[in-house]
Amino acid sequence: MSAGSAGGAVAAVDLGATSGRVIVGRVGPDTLETETVARFPNDPVFAGDGLHWDILGLYGAALKGLRDAFRTEPGIASIGIDSWAVDYGLLRGGRLLGTPFHYRDERTARGVETVHERMPHAELFERNGLQFLPFNTLYQLAAEPADVLGFADTALLVPDLLAFWLTGAARAEITNASTTGLLRWADRQWDDALITALGLPRGILPQLIAPGERVGGLLPHVAEAIGGSADVTAVGSHDTASAVVAVPMQADAAAYISCGTWGLVGVEVEHPVLTPQALAANFTNEGGVDGRVRLLHNVMGLWVLSETVRGWERVEGHPIDLPTLLDSAAEVPASAVPVFDVNDPRFLPPGDMPARIDAWCAEYDVAPPRTRAEYTRSIVESLAQAFADAAARAGRLGGVDVRTIHIVGGGALNRLLCQRTADRAGMPVLAGPVEATALGNVLVQARAAGFVTGSLEALRDLVLRTHAPRRFDPVA
């Protein structure tokens with residue numbers, strides 16, 4: 001990779017579904033380093049009308065983290081923000097009208113009914129390319145009370161909302177906008193005809209912006225609060241879009257799994273795949289950096305395991321050591337536990353996961369797990385099978401000859417899951433980098449700042465040279 005300069009530093013705000021971080025990235029032609037300077041919890045809040053994100057708490061924690069970032073690295077040139085998709089805040093005159101709802105809130109069901117009365121999913125898929133997920137933004141907007149939606153003048157997805165508070169510029173970054181269901185794949189613009197057909201207000205959707213473009217400079221009071229000045233740069237603000245930037249893969253021969261709360265399993269293609277087969281398989285086409293398309297399927301992911309462990313911790317009254325639990329699960333024969341459908345909707349809401357696994361087993365007349373080690377092994381086996389199936393299907397749908405599976409994100413640390421995915425897929429799994437989302441965020445900023453240059457492939461080569469993955473070969 002050729003260099004635009006000797007390198008420099010940027011800051012990434014990375015908001016996940018359970019925690020957030022602020023990271024300083026140092027990037028040059030042969031350098032890609034990250035330093036986490038702040039971590040903070042992301043705990044949803046039940047209010048009288050449902051489940052919400054504590055967005056003001058997250059923003060306050062991000063500001064404190066950015067202050068720590070400038071203390072660590074005063075020469076930060078840029079700030080980029082990524083988060084989960086689909087959720088948004090409504091504003092009027094720059095003022096937030098209410099705390100954003102959590103995508104797991106039950107209100108989305110009425111939005112689905114309202115939208116599908118006007119346009120069935122198959123017709124929506126032809127326009128927006130998205131798999132059916134009951135919490136996609138268009139369903140959430142349809143569930144809003146008419147008076148609230150009518151009063152709002154702007155809707156901003158979570159990372160765009162934080163960027164607005166930092167800069168005063170209201171923009172919609174395109175990778176995240178592609179998850180709303182309101183973007184037209186034909187030209188990657190807001191689908192005015194669809195928005196009108198669904199009875200949604202077009203005026204609340206802001207100007208689109210691509211990864212690498214400048215959002216704006218920091219507002220004076222923000223610069224004073226964090227002790228530094230920098231541009232805010234649009235990155236792949238959907239965290240999976242940033243993660244895929246940092247998958248050290250050959251895109252024509254690999255599938256990726258961005259594995260955290262969700263398991264996003266797919267391939268990278270040049271054009272959306274809007275075939276009847278993709279529709280039937282419930283695959284989605286989401287925007288990627290540099291105009292690429294992420295053809296993928298949402299698998300329930302480590303949410304099932306983490307929610308299971310949280311339930312046990314509530315009973316025990318103390319934390320459970322996950323590595324020890326996984327070690328005990330590894331001693332359980334795979335043949336001794338059921339493989340259940342992790343994508344069954346019953347596993348989406350918070351709650352008693354072992355009881356739901358038992359109910360699934362009873363419904364399908366298979367013996368349920370009995371011990372905590374068996375439940376854990378059952379979850380791992382079920383995830384591994386879902387990952388293997390989705391990777392193979394993604395390759396067929398996208399015309400990609402998948403010969404390797406890359407797992408990035410927190411799931412790359414789960415050796416048992418990586419090995420069993422390799423075993424069930426019958427092909428090597430390359431695990432890492434764990435910090436793929438932060439790395440992708442940092443790389444897009446660094447390229448925009450001129451610290452590195454080159455294509456997406458050149459950025460991935462830098463990742464490979466600085467963050468070599470761990471290989472898991474299938475065992476017969």
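Three exercises with worked solutions follow, on the overall form, one sheet and the nonpolar cores of this chain.

The model is predicted, so local features need pLDDT of at least 70 and side-chain atom pairs count only at pLDDT 80 or more, while totals for chains, interfaces and linings use all residues. Residues are numbered from 1 along each chain as its sequence is written, and side-chain values use heavy atoms, with hydrogens and water left out.

**Exercise 1.** Determine how the radius of gyration of the protein chain stands against the globule rule.

*Solution.* Begin with the secondary structure: the protein chain holds 18 helices and 22 strands, where helices (H or I, at least four residues) and strands (E, at least two) are DSSP runs numbered from the N terminus. Next, take the radius of gyration over C-alpha atoms, and for the rule take 2.2 Å times the number of residues to the power 0.38. The chain has a radius of gyration of 22 Å, close to the 23 Å that the rule gives for 476 residues, so it is as compact as a globular protein of that length. Finally, 59% of the 476 residues count as buried, that is, under 20% relative accessible area with a 1.4 Å probe and protein chains only, whereas exposed means over 50% and partly exposed lies in between.

**Exercise 2.** Work out the strand order of the open sheet of three strands, and state which helix lies across strand 7, strand 8 and strand 9.

*Solution.* Two strands pair if DSSP finds at least two bridges between them. The order is 8-7-9, with antiparallel pairing, and the edge strands, each pairing on one side only, are strand 8 (95-96) and strand 9 (154-157). Strand 7 (residues 88-92) joins strand 9 over four bridges, and Tyr-88 has Leu-157 of strand 9 as its bridge partner. Helix 6 (residues 158-167) lies across strand 7, strand 8 and strand 9, at about 110° to strand 9; axes are lines fitted to C-alpha atoms, for helices over the stretch in contact (heavy atoms within 4.5 Å), and angles run from 0 to 180 degrees between N-to-C directions.

**Exercise 3.** Identify the residues that touch the most other members of the largest nonpolar core.

*Solution.* A nonpolar core is a set of buried Ala, Val, Leu, Ile, Met, Phe, Trp, Tyr and Cys residues joined through side-chain atoms within 4.5 Å. Of the 139 residues in the largest one, Ile-79 and Leu-166 touch the most other members, and helix 15 (residues 372-398) supplies its largest share, 11 residues. Apart from this core lies another of 27 residues, including Leu-124 and Tyr-139. Returning to Leu-166, its contacts beyond four places away in sequence include Tyr-59, Ile-81 and Val-232.
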